[in-house]
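Reader: I am in my first year and still learning to read a structure closely. Could you take me slowly through one part, the pockets, together with the strands and loops that go with them?

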Amino acid sequence: SAQLSFVILPKGEIPRMAEIKCYKRLVYGAAASEWLPHGVYYIDTRKKSYDGRLEIQAFDAMLKANAAWLVHTDILEWPVRMEAAARDIAKHMGVELDSRSVFRTGPDYVVDYPNDYQMSEVLRFIAAAHGGNWVMTYEGKLRLINLLDTPAETYHLVDSSDGAALLFGNVRVLI
């Protein structure tokens, strides 16, 4: 789960578990990029200081998976495909399943009836079966990232000062 901590001077009351949408942009002198999403968080704790400042800690929706999986009625037959299980869990968490998530199919890629499993436990089983991990995207969607799905460019050696790929002639250096 990602965490966001900040201090503000609030102009009014902030509701409990309020949703915070974070954005970022690049600025270089007078030039600035467009604002890009950088996460969706929910207030967890708040601490008010004597001068009116409010210290807030917030987490992304991944913590919502730390609850029992109460299966929706649209899953009628067990075992169920892992993708269907992930979609149902995402629905319980109040988020969407990221369309870039890739699931394997076949008789070994199913989830048995969860009994008293937490949603996070079922997500771990699915991630392990796919050699991957779950993350919340900057847009607030649940995404399965498979280890072997990393883009080829992430294996290139880059210069730390500007992020450009190191070249021998016109050939990129792989690590």
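Author: Before we start, one term is needed: a residue counts as buried when its relative accessible area is under 20%, as exposed when it is over 50%, and as partly exposed in between. Please also keep in mind that this is a predicted model.

Let us begin with the largest pocket, which has a volume of about 190 Å³. Its lining is made up of 16 residues, and those that lie nearest its centre are Lys 21, Val 40, Glu 139, Gly 140 and Lys 141. Sorted by class, the lining holds seven nonpolar, four polar and five charged residues. Strand 2, residues 19-24, and strand 5, residues 36-48, each supply at least two residues of this lining, and the largest share, five residues, comes from strand 5.

These two strands are also joined to each other, since strand 2 and strand 5 run antiparallel and are connected by five bridges. One pair to find on the screen is Glu 19 with its bridge partner in strand 5, Tyr 42. As a general point, strands of a sheet pair through backbone hydrogen bonds, either parallel or antiparallel. Here the pair belongs to an open sheet of four strands in the order 1-6-5-2, with antiparallel pairing. Strand 1 and strand 2 stand at the edges of this sheet with a single partner strand each, so one side of each is left without a neighbour in the sheet. On average, neighbouring strands of the sheet are turned by 40 degrees against each other, direction ignored.

Gly 140, one of the residues nearest the centre of the largest pocket, leads us to a hairpin. It is formed by strand 9 and strand 10, with five residues between the strands, and within it Gly 140 takes a positive phi near 85 degrees. Strand 9 and strand 10, the latter covering residues 142-146, run antiparallel and are joined by five bridges, and Met 136 has Leu 142 in strand 10 as its bridge partner.

Strand 9, residues 132-136, takes us on to the second largest pocket, where strand 9 and helix 2, residues 119-129, each supply at least two residues of the lining. The space in this pocket is about 150 Å³. Helix 2 gives the most to the lining, with four residues. Among the lining residues are Met 62, Leu 63, Ser 120, Leu 123, Arg 124, Asn 133 and Trp 134, and by class the lining has six nonpolar, three polar and one charged residues.

Finally, the loops deserve a careful look, with one general rule in mind: most residues other than glycine have a negative phi, and most peptide bonds are trans. Met 17, in the loop between strand 1 and strand 2, is not a glycine and yet has a positive phi of about 55 degrees. With a relative accessible area of 47%, Met 17 is partly exposed, because that term covers values between 20% and 50%. Asn 115, in the loop between strand 8 and helix 2, also has a positive phi, near 50 degrees, but Asn 115 is exposed, with a relative accessible area of 57%. A further loop, between strand 6 and strand 7, contains Pro 79, and a cis peptide bond with omega of about -5 degrees joins Trp 78 to Pro 79.

Methods. Residues are numbered from 1 along each chain as its sequence is written. This is a predicted model: local features need pLDDT of at least 70, side-chain atom pairs count only at pLDDT 80 or more; totals for chains, interfaces and linings use all residues. Side-chain values use heavy atoms; hydrogens and water are left out. On a 1 Å grid over the protein atoms alone, a cavity is a set of points where a 1.4 Å probe fits but cannot get out, and a pocket is an open set with protein on both sides within 12 Å along at least five of seven lines; lining residues have an atom within 4 Å of a point. Grid points are joined across faces, edges and corners, and a volume is the space filled by probe spheres set on the points. Ala, Val, Leu, Ile, Met, Phe, Trp, Tyr, Cys and Pro count as nonpolar, Asp, Glu, Lys and Arg as charged, and the others, Gly among them, as polar. Two strands pair if DSSP finds at least two bridges between them. Buried means under 20% relative accessible area, exposed over 50%, partly exposed in between (1.4 Å probe, protein chains only). Axes are lines fitted to C-alpha atoms, for helices over the stretch in contact, and angles run from 0 to 180 degrees between N-to-C directions.
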